Amino acid sequence: MSSRSSTDTGPRAARPRQILLLGGTTEAAALEPLLDGHPRLYATVSLAGRTRRPAPSRLPRRTGGFGGAEGLAAWLHEHAVDALVDATHPFARQISANAVTAARNTGIPLARLTRPSWEAGPEDRWIRVPDLAAAARALPELGRRVLLTTGRQHLEAFEAAPELDYVIRTIDPPEPPPALPRVTWIHARGPFTAEDEARLLRENTIDVLVTKDSGGDATAAKLQAARERGMPVVMVERPPDAPGVPRFHAPQAVLGWLEDLPDAHG
Ligand code: NAP
């Protein structure tokens, strides 16, 4: 549990602002220590509950879905939340959409904390596509042996290109697995080194890599290995940002936003 302190405990002290942090990411974990023990902010972290042993935290936690945007709005209301921070993964579309709807319907301020997108350098050969279906359509012209690192969800999109040889790396096995005739499965969790990734590409004679634009350092080594191999990368672009939601890359900047919210919300 969190240790809370306050420098303003007199009878006229304002109650700490109640913050709900939608977490489960490195970014949320980086914000947590800035909120822990803050004299004016009292944060609860929300996890989807997918990870069996989530990293320890000093902040109070709740776990599991809210029941859609309406359930989230009800939770915000019930817990008198003053501000919502969405620090979920860039590809966690549903919870981010729910956060936008719930914030709009309750009038509670919402901010987004997300890692920057990856950027292609002059030697990169990236083909940007909007989704996995478009990635599958792009593949046959790019090569025969494919490394897929897009996570275990929605792999059925690649059933549109069943003639290719796939190496699919996921943390946990997908259920059900996609109906593809030639798959080599690798179950592994990053971070990976550039040497590991280069070996993986070499030993599996990979022609093309498919990845989501997750950003961050933990899984960026595969991009370096692809660049060094002169290999094309099919880059699945992020869902668009919600208009009107302030977006930050630095946890310190979100802290500043929370501290500066007008008193109507504090
Ligand atoms: P999603 O499709 O956007 O979310 C599906 C449902 O899971 C949401 O509608 C919500 O249920 C619940 N949920 C998701 N995040 C939650 C949270 N932080 N607290 C409470 N409920 C949450 O998300 P996903 O892609 O399955 O990812 C699930 C979680 O894993 C996210 O928190 C995300 O940050 C993390 N993650 C995702 C990825 C990825 O590539 N997608 C990668 C790494 C980590 P209700 O509608 O019932 O509220």
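**Exercise 1. Polar contacts of the ligand**

Determine which oxygen or nitrogen atoms of Lys 212, Asn 98 and Gln 94 approach an oxygen atom of the ligand in this predicted model, and at what distances.

*Solution.* Begin with Lys 212, which places a polar side-chain atom 3.3 Å from an oxygen atom of the ligand. Asn 98 likewise contributes a polar side-chain atom, at 3.3 Å from a ligand oxygen, whereas Gln 94 takes part through a backbone N or O atom, which lies 2.8 Å from an oxygen atom of the ligand. Turning from single pairs to area, the ligand has 800 Å² of accessible area on its own, and the protein covers 77% of this.

**Exercise 2. The shell around the ligand**

Describe the shell around the ligand by structural element and by residue class.

*Solution.* Two elements give two or more residues to the shell, namely S2 and helix H3 (93–106); H3 gives the most, with four residues. In total, 22 residues surround the ligand, and the closest are Ser 46, Arg 50, Phe 66, His 89 and Ile 95. Sorted by class, the shell holds 12 polar, six nonpolar and four charged residues.

**Exercise 3. Thr 44 in its strand**

Decide whether Thr 44 is buried or partly exposed, and list its contacts beyond neighbours within four places in sequence.

*Solution.* First locate the residue: Thr 44 belongs to strand S2, which runs over residues 41–47. Next compare its relative accessibility of 15% with the cut-off, under 20% for a buried residue; Thr 44 therefore counts as buried. Finally, with neighbours within four places in sequence set aside, Thr 44 is in contact with Ile 19, Leu 20, Leu 21, Pro 60, Arg 61, Arg 62 and Trp 75.

**Exercise 4. The buried side of helix H2**

Identify the buried residues of helix H2 and the elements against which they pack.

*Solution.* Within H2 (residues 68–78), the buried positions are Ala 69, Gly 71, Leu 72, Ala 73, Trp 75 and Leu 76. An α-helix has 3.6 residues a turn, so residues three or four places apart point the same way. The buried residues of H2 pack against the strands S1 (17–22), S2, S3 (61–63) and S4 (83–86), and also against H3. Just after H2, Ala 80 adopts a positive phi of about 50°.

**Exercise 5. His 249 and a distant stretch of chain**

Establish how His 249 is placed in the chain, how accessible it is, and which residues it contacts beyond its neighbours within four places in sequence.

*Solution.* His 249 sits in the loop that joins strand S12 (247–248) to helix H7 (251–260). Its relative accessibility is 39%, and His 249 therefore counts as partly exposed. Although His 249 and Leu 113 are 136 residues apart along the chain, their C-alpha atoms are separated by 5.6 Å. Leaving aside neighbours within four places, the contacts of His 249 are with Leu 113, Thr 114, Arg 115 and Pro 116. Among these residues, Thr 114 has its backbone oxygen 2.7 Å from a polar atom of the His 249 side chain.

**Exercise 6. The whole model and its confidence**

Summarise the overall architecture, and state where the prediction has a pLDDT below 50.

*Solution.* The protein has seven helices and 12 strands, and buried residues make up 45% of its 266 residues. Of the contacts with a separation of 6 or more, 66% come from residues 24 or more positions apart. As for confidence, the average pLDDT is 92, and 94% of the residues score at least 70. Over residues 1–12, however, the pLDDT is below 50, although this stretch has 23 contacts in the model beyond near neighbours in sequence. Where pLDDT is low, the predicted coordinates should not be read in detail.

How values were computed
Residues are numbered from 1 along each chain as its sequence is written. This is a predicted model: local features need pLDDT of at least 70, side-chain atom pairs count only at pLDDT 80 or more; totals for chains, interfaces and linings use all residues. Side-chain values use heavy atoms; hydrogens and water are left out. Buried means under 20% relative accessible area, exposed over 50%, partly exposed in between (1.4 Å probe, protein chains only). Contact means heavy atoms within 4.5 Å. A residue is near a molecule or strand if one of its heavy atoms lies within 4 Å of it. A polar contact is a pair of N or O atoms within 3.5 Å; within protein, one must be able to donate a hydrogen and the other to accept it, and residues adjacent in sequence count only if both atoms are side-chain atoms. Accessible areas come from the Shrake-Rupley method with a 1.4 Å probe; for residues, only the protein chains shown count as cover. Ala, Val, Leu, Ile, Met, Phe, Trp, Tyr, Cys and Pro count as nonpolar, Asp, Glu, Lys and Arg as charged, and the others, Gly among them, as polar. pLDDT is the predictor's confidence in each residue, from 0 to 100.
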